[in-house]
Amino acid sequence: MGSLTLENIRKSFGSVEVLKGIDLDVRDGEFVIFVGPSGCGKSTLLRVIAGLEDATSGKVLIDGQPVDNVPPAKRGIAMVFQSYALYPHLNARDNMGLGLKQAGRPREEIKARVATASKMLGLDEYLDRRPAELSGGQRQRVAIGRAIVRNPKLFLFDEPLSNLDAALRVNTRLEIAKLHRELKATMIYVTHDQVEAMTLANRIVILNAGRVEQIGTPMDLYNRPANLFVAGFIGSPKMNFIEAERLGESGASTLGVRPEHITVDPASGDWKGIVLHVEHLGADTILYLDTEKAGLITARLFGEHQFAPDDILFATPQRQRIYRFDSEGKVVA
Amino acid sequence: MSKARHSPWRSVAAHAALITYTAIALFPVIVIIINSFKTRQAIFRSPLAFPDEKSFSLIGYQTVLAQGDFFLYFQNSLIVTVASLFFVLLFGAMAAFALAEYRFRGNTLMGLYLALGIMIPIRLGTVAILQLMVASGLVNTLTALILVYTAQGLPLAVFILSEFMKQVSDDLKNAGRIDGLSEYRIFFRLVLPLVRPAMATVAVFTMIPIWNDLWFPLILAPAESTKTITLGAQIFLGQFVTNWNAVLAALSLAILPVLILYLIFSRQLIRGITAGAVK
């Protein structure tokens, strides 16, 4: 159980408006990720949902009930923080059980729920240790365990992987995905990392400067970006944007083509250019080309290719994969 | 880089500077203590000499313990210092938490207003304080001293502690709120233990002026039953004759309790129990 509805949420700090009217529906059991550049208001929005910040106006409904005047502990939510935020004076077991203890649950129930969560996360041997005696990954698992034990309607994650190193990040990401499948719980997750967003989410909410730019499944956003911002934000390397005038196209002001939708050929093609730099990644080869017609473009080729700087190449975009944007940045159908 | 830091010359120079400073700071204390164990003639003949068989004498301590009610004075000083310290730390930390944690209208102004007390010496208000104490019937009570010292210590405590409390992780406090801890529990169980080193610093800075103060005990509580140790020691200082043995013995004894309190707090200064709580 756990659906979430946001109705026209606005939030200002003094004269600065951080959230400019956010509407959102999250269905029961969905994994929704808020993603956007830093300062776009995604963390503030999460805090409003948690009740740690009051919205200046607008409504938050959890399971159809308005919770604007309900304190965080009574909203039926659990939150995992970027900095883990474990209680330093309690061991892992008590860290996980504190919320239930505060709610006055019987000791047996707390014990049973902590045991279930610790088994799920493989924390059994660390239960008697204090946060100071745990590694970063273990601490984050205890923090996730603390959220599971509360058996919440809504899980809130605030950049939970940002403090972990790259290898641990991939592992913990898989663990969170597994957790979502096992618990079938509703999860809201904030990150600035589009890889996390693409790999974990059922639906992604792209925020920019306090507004929702687009909501959709990862493949929706990749294949059908609504505007320039989304097109540039999703996908790595970034989409190439070319002024339509340069190419003599009409009916659009900017054309976009993803680096992976460009093919190159040493003999012939649409855009003649010179290689500026080559990145060999093994699985991919990334080419930076200075073309006469289209300017600086990036191309992503699969597999290994032996090109060197100053080589002359012809790049050809896949016609059906070219995106067209009008002068306001909206996609032209 | 690390080579330069471990060079023996630098370490010798640093130690020389520190040892010189320690010697300067300890010199008066040592002179007081060694002279308190000497006869009167020996004090004046060679004030820097250590007591030997001929000059050794406990006459000062005997006078102090026989005359006046020194245990009572000690007790008064301790009650006043510990009670004031307790209230300064409690109210100072609470005010600092409010200033650091909550957004409300006039937050900055309130912080400045509370810090103003650091710049204005409380002794300027002695006459008004005395009138206040007379009017409320608190003259010659320890309560009067505790109230004044609490007021005296609060500005610095609020100032230092609010800076430290701003550094306590917001995530930790928010985690507590989501787990249903009350603001009081968050304050006492999560935030206070994390600012313990700052509390110890404030405690040391607050404690020593209170213990050493002569001004307010003399004005507000000069009665025999409420004398503090510094005021009590003055009975041996006469206009024409001063009983140096007794004065030095009384001062030596007065160092002890504050030294013990300092040792308790300095352990907290060093201890870093909070490592690993966040990040």
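# Exercises on a predicted two-chain model

Strand E3 of chain A and strand E8 (residues 186–191) of chain A run parallel and are joined by five bridges; strands are DSSP runs of at least two residues (E), helices are runs of at least four (H or I), and both are numbered from the N terminus. Two strands pair if DSSP finds at least two bridges between them. This is a predicted model, in which local features need pLDDT of at least 70 and side-chain atom pairs count only at pLDDT 80 or more, while totals for chains, interfaces and linings use all residues. Residues are numbered from 1 along each chain as its sequence is written, and chains are lettered from A and ligands numbered from 1 in the order in which they are written.

**Exercise 1. Work out how strand E3 of chain A is placed among its neighbours.**

Step 1. Begin with the partner we have just met: A:Val35 stands opposite A:Thr191 in E8(A).

Step 2. Now turn to strand E9 (residues 203–208) of chain A, which runs parallel to E3(A) and is joined to E3(A) by four bridges. Here A:Ile33 faces A:Ile204, and A:Phe34 faces A:Val205.

Step 3. Check the burial. A residue is buried if 20 or more other C-beta atoms lie within 10 Å of its own, exposed if 12 or fewer, and partly exposed in between, with C-beta atoms placed from the backbone. By that count, five of the five residues of E3(A) (residues 31–35) are buried.

Step 4. Sort the side chains by direction: A:Phe31, A:Ile33 and A:Val35 point one way, A:Val32 and A:Phe34 point the other way, and all are buried.

**Exercise 2. Follow the chain from E9(A) into its hairpin.**

Step 1. Strand E10 (residues 211–216) of chain A pairs with E9(A) in the antiparallel sense, over five bridges.

Step 2. Look for a bridge pair: A:Asn208 has A:Arg211 in E10(A) as its partner.

Step 3. Inspect the turn. Two residues lie between the strands of this hairpin, and A:Ala209 takes a positive phi near 50°.

**Exercise 3. Does the length of helix H5 of chain A agree or disagree with the expected span?**

Step 1. The expected span is 1.5 Å times one less than the number of residues.

Step 2. Helix H5 (residues 166–183) of chain A has 18 residues and should therefore span 26 Å; its end C-alpha atoms are 26 Å apart, which agrees.

Step 3. Look just past the helix: A:Lys184 follows H5(A) and has a positive phi, near 50°.

**Exercise 4. Describe the open sheet that contains strand E13 of chain A.**

Step 1. Its five strands come in the order E13-E17-E14-E15-E16 (chain A), with antiparallel pairing.

Step 2. Find the edges: strand E13 (262–265) and strand E16 (295–302) of chain A each pair on one side only.

Step 3. Add the twist, which averages 45° from one strand to the next; axes are lines fitted to C-alpha atoms, for helices over the stretch in contact, and angles run from 0 to 180 degrees between N-to-C directions.

Step 4. Zoom in on one pair. E13(A) and strand E17 (residues 312–317) of chain A share four antiparallel bridges, and A:Asp265 stands opposite A:Phe314.

**Exercise 5. Which elements and residue classes does chain A bring to chain B?**

Step 1. Count the contacts, where two residues are in contact if their C-beta atoms, placed from the backbone, lie within 7 Å. On that basis 23 residues of chain A are in contact with 18 residues of chain B.

Step 2. Two elements of chain A, strand E6 (77–80) and helix H2 (92–102), give two or more residues to this side.

Step 3. Classify the side of chain A that touches chain B: 17 residues are nonpolar, six are polar and none is charged. Ala, Val, Leu, Ile, Met, Phe, Trp, Tyr, Cys and Pro count as nonpolar, Asp, Glu, Lys and Arg as charged, and the others, Gly among them, as polar.

Step 4. Note the predictor's scores for the complex: an ipTM of 0.84 and a pTM of 0.80.

**Exercise 6. Is B:Ala223 buried or exposed?**

Step 1. Locate B:Ala223 in the loop between helix H12 (215–220) and helix H13 (229–232) of chain B.

Step 2. B:Ala223 is exposed, because 11 other C-beta atoms lie within 10 Å.
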